[in-house]
Amino acid sequence: MAGLIHPEDLETVRERSRIEDVVGSFVQLRPAGGGALVGLCPFHDEKTPSFRVTPSKGFYYCFGCGEGGDVISFVQKINNMGFTESVEFLADRVGLQLRYTEGDGAPRHEPGLRMRVLEANQLAAEFFAKHLSSADAVQGRVFLDDRGFTREHAEHFGIGFAPRGGHDLLNHLLDKKFSKDDLVKAGLVREAGWDFFQGRLVWPIRDAGRSTLGFGARRIFDDDRMPAKYLNTPETLVYKKGHVLYGLDLARQNIGKKNQAVVVEGYTDVMACHIAGVDTAVASCGTAFGADHSRMIARLMTSDSLAGEVVFTFDGDAAGQAAALKVFSSDATFSAQTYVAIEPGGMDPCEVRISGGDAAVRELVARRIPLYRYVMKNTLERFDLDRADGRLAAVRAAAPLVASVRDVGLVSGYIRELAGLVGMNPDEVRSEVQRANRRTVPAEQRSVTVSRQEPAPSEQVAMVPLPDPEDRRLATERGVLKVLLQQPGLFPPDWGGIEAGDFDHPAYRLVFETLSSTSRGEAGFGQRVVAALADPVAAQLAVALCVEPLLAEPTATYAREYAARLRLARVLREIGDLKSRLQRTNPVEEQASYNKMFAQLLELETRRRALQAMAVGDPA
């Protein structure tokens with residue numbers, strides 16, 4: 001099995017994948033002067049362009065929402081892919097065969113296959129959509145009409161019909177110069193040459209960048225030889241059911257804007273929700289909602305993830321209760337709060353819309369309750385609360401649920417609620433909750449398996465505060481770092497005498513510590529610094545500093561004067577601190593200490609005058 005992508009190939013992918021071309025396929029860019037390009041940010045709603053691409057540095061950065069990175073991280077974010085998938089996506093785009101540093105070293109697939117599969121899927125989606133209006137598809141149109149979906153709805157969601165002939169799609173794509181082998185690898189054709197989908201309604205399953213990854217197909221004919229009601233694309237190079245969500249292409253921006261995701265169970269449920277105005281709805285495809293799905297949603301949430309909501313809709317039957325319990329068992333994978341919305345009569349969102357209209361769907365989501373409360377209710381129902389031992393057993397079973405609530409400010413209220421439900425003293429319940437809390441392993445200590453070339457979730461927690469770019473007190477620190485990152489060659493080997501202690505803000509200090517230990521080498525210095533920063537806040541800060549325009553044309557003199565200003569600021573802080581200590585020191589009773597500090601002050605004053613003489617320019 002292949003392992004890590006060879007480092008040289010990573011650099012080659014970055015070099016060949018021109019960031020302006022990749023970003024330009026998603027964002028309308030225009031020149032902004034200085035070789036930079038600007039456009040409307042694809043990651044948040046805005047009317048004035050604040051999204052900046054700097055081809056010479058290989059970075060993008062949005063000054064509105066703070067998203068930034070290189071071409072690989074852009075593909076990760078826009079397509080909701082992992083690191084390795086994004087590199088392979090770009091490698092296929094530029095025709096590079098990747099090498100792997102572990103395993104047998106063989107490529108996972110031939111170069112260009114991913115792009116051919118995506119192109120075949122797109123043509124298949126267009127083929128299916130065209131056939132929805134054919135005579136053979138009348139049963140499919142009746143199915144949609146019975147559920148309140150119009151032709152416009154079908155076009156909006158890309159619904160199609162797979163002909164019943166058995167070889168229609170195969171012949172169509174062979175005419176488009178695709179090989180049968182490629183179509184089999186795309187999951188569109190079976191090994192024997194039969195179309196994978198025949199005589200079914202078909203929904204295209206797209207990623208966040210609207211690339212068609214696969215399809216879900218619904219049985220509509222009684223004589224369909226496949227007994228399964230729903231049939232999904234088999235696992236392929238681009239379609240992995242544990243890593244896709246139906247409706248993500250339509251919900252991506254709304255999830256980020258509203259900080260909410262609604263998880264439903266079927267394609268028609270997603271349609272019903274979006275049509276009704278619940279435009280954050282998505283659904284898993286042919287598998288239960290899992291940890292990878294939750295991480296996909298988490299990447300789309302805003303930075304205030306604790307204020308975010310993930311709302312699940314389940315049927316009210318036993319299967320729905322089991323699904324809720326399963327989701328709750330993996331609740332720690334969410335940073336947002338989790339809720340459940342269940343229609344009392346057991347109807348799903350599509351049925352709710354048929355019965356009560358769009359408003360009823362919106363009301364269903366609005367009536368959501370905390371997932372823990374739903375699971376608690378089902379937990380307590382298993383015990384005989386008329387018996388003392390039953391009540392104690394019920395509390396001990398429910399205590400871990402209360403202990404798992406993230407907002408500690410709500411815990412006391414939930415303890416009182418649980419005490420009322422079982423009829424026990426709140427202090428007794430609190431003791432059980434505290435005991436359960438001590439037994440609970442913190443979420444950040446749980447083992448999570450991720451790609452070795454991607455940061456573990458625990459590494460994604462910000463460790464340094466983000467500095468305010470408008471803070472004039474830190475303007476010199478920010479300005480000198482911009483020159484250091486963008487024009488490192490202007491500085492001598494010792495970086496003009498700059499030290500980490502010259503930076504007062506911890507984030508600026510961390511960026512300097514990393515860049516000062518990074519080889520200047522060839523081009524791409526800024527990218528190497530960003531890659532070396534484990535702290536995500538510091539990495540995003542470094543990206544911003546790499547693309548922010550300089551206020552003057554940099555020269556060696558400019559760099560030397562800026563370095564002197566930074567060092568001077570530190571000396572002035574030290575002089576101020578020393579004068580304060582001298583004022584608090586009695587020169588008679590603490591003569592030795594006083595004289596030592598006075599000598600240090602004279603030395604600092606000498607350094608101050610020297611640095612002031614060096615900082616003769618005004619780089620601001």
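What follows is a walk through this structure, from the overall fold to a few salt bridges and a pocket.

A quick word on ground rules: this is a predicted model, where local features need pLDDT of at least 70, side-chain atom pairs count only at pLDDT 80 or more, and totals for chains, interfaces and linings use all residues. Residues are numbered from 1 along each chain as its sequence is written, and side-chain values use heavy atoms, with hydrogens and water left out.

Let's start with the whole chain. There are 25 helices and 15 strands; these are DSSP runs numbered from the N terminus, with helices being H or I runs of at least four residues and strands E runs of at least two. The chain has 620 residues, and 48% of them count as buried. Here buried means under 20% relative accessible area, exposed means over 50%, and partly exposed is in between, using a 1.4 Å probe and protein chains only. Look at contacts between residues at least 6 apart in sequence, and 67% of them join residues at least 24 apart; a contact means heavy atoms within 4.5 Å.

Near the start of the numbering sits helix 1, spanning residues 7–16, with Asp9, Leu10, Thr12, Val13 and Arg14 as its buried residues. Their cover includes helix 3 (71–79), helix 4 (83–94) and helix 22 (525–532).

Now jump to helix 10, residues 248–258, which is home to aspartate 249. The buried residues in helix 10 are Leu248, Asp249, Ala251, Arg252, Asn254, Ile255 and Gly256. It helps to remember that an α-helix has 3.6 residues a turn, so residues three or four places apart point the same way. Just after helix 10 comes asparagine 259, which has a positive phi, near 55°.

Aspartate 249 is worth a pause. Its relative accessibility is 13%, so it counts as buried. Which residues does aspartate 249 contact, leaving aside its neighbours within four places in sequence? They are Arg206, Asp207, Ala208 and Arg210. The side chain of aspartate 249 makes a polar contact of 3.5 Å with the side chain of arginine 206, and another of 3.2 Å with the side chain of arginine 210. A polar contact is a pair of N or O atoms within 3.5 Å; within protein, one must be able to donate a hydrogen and the other to accept it, and residues adjacent in sequence count only if both atoms are side-chain atoms.

Aspartate 249 and arginine 210 also meet in a salt bridge, 3.2 Å from N to O. The pair links distant parts of the chain, 39 residues apart: aspartate 249 is in helix 10, while arginine 210 is in the loop between strand 7 (200–206) and strand 8 (212–219). Unlike its buried partner, arginine 210 is partly exposed, because its relative accessible area is 42%.

How many salt bridges turn up in a search of the whole structure? The count is 28, where a salt bridge is a side-chain nitrogen of Lys or Arg within 4 Å of a carboxyl oxygen of Asp or Glu. One of them joins glutamate 417 to arginine 373, with the closest N and O atoms 3.2 Å apart. This pair links helix 18 (residues 408–422), which holds glutamate 417, with helix 16 (residues 371–380), which holds arginine 373, across 44 residues of sequence. Glutamate 417 is partly exposed at 26% relative accessible area, and arginine 373 is partly exposed at 30%.

Another salt bridge pairs arginine 570 with glutamate 499, the closest N and O atoms being 3.1 Å apart. Arginine 570 lies in helix 24 (residues 556–583) and glutamate 499 in the loop between helix 20 (475–486) and helix 21 (506–516), so the pair ties together parts 71 residues apart in sequence. Arginine 570 counts as partly exposed at 22% relative accessibility, and glutamate 499 is partly exposed at 46%. Both belong to a network of salt bridges that links Glu499, Asp502, Arg570 and Glu574.

Last, a pocket. The second largest pocket is lined by 19 residues, and Glu265, Ser284, Thr287, Ala288 and Phe289 lie nearest its centre. Helix 13 gives the largest share of its lining, three residues. By class, the lining has eleven nonpolar, six polar and two charged residues; Ala, Val, Leu, Ile, Met, Phe, Trp, Tyr, Cys and Pro count as nonpolar, Asp, Glu, Lys and Arg as charged, and the others, Gly among them, as polar. As for the term itself, on a 1 Å grid over the protein atoms alone, a pocket is an open set of points where a 1.4 Å probe fits, with protein on both sides within 12 Å along at least five of seven lines, and lining residues have an atom within 4 Å of a point.
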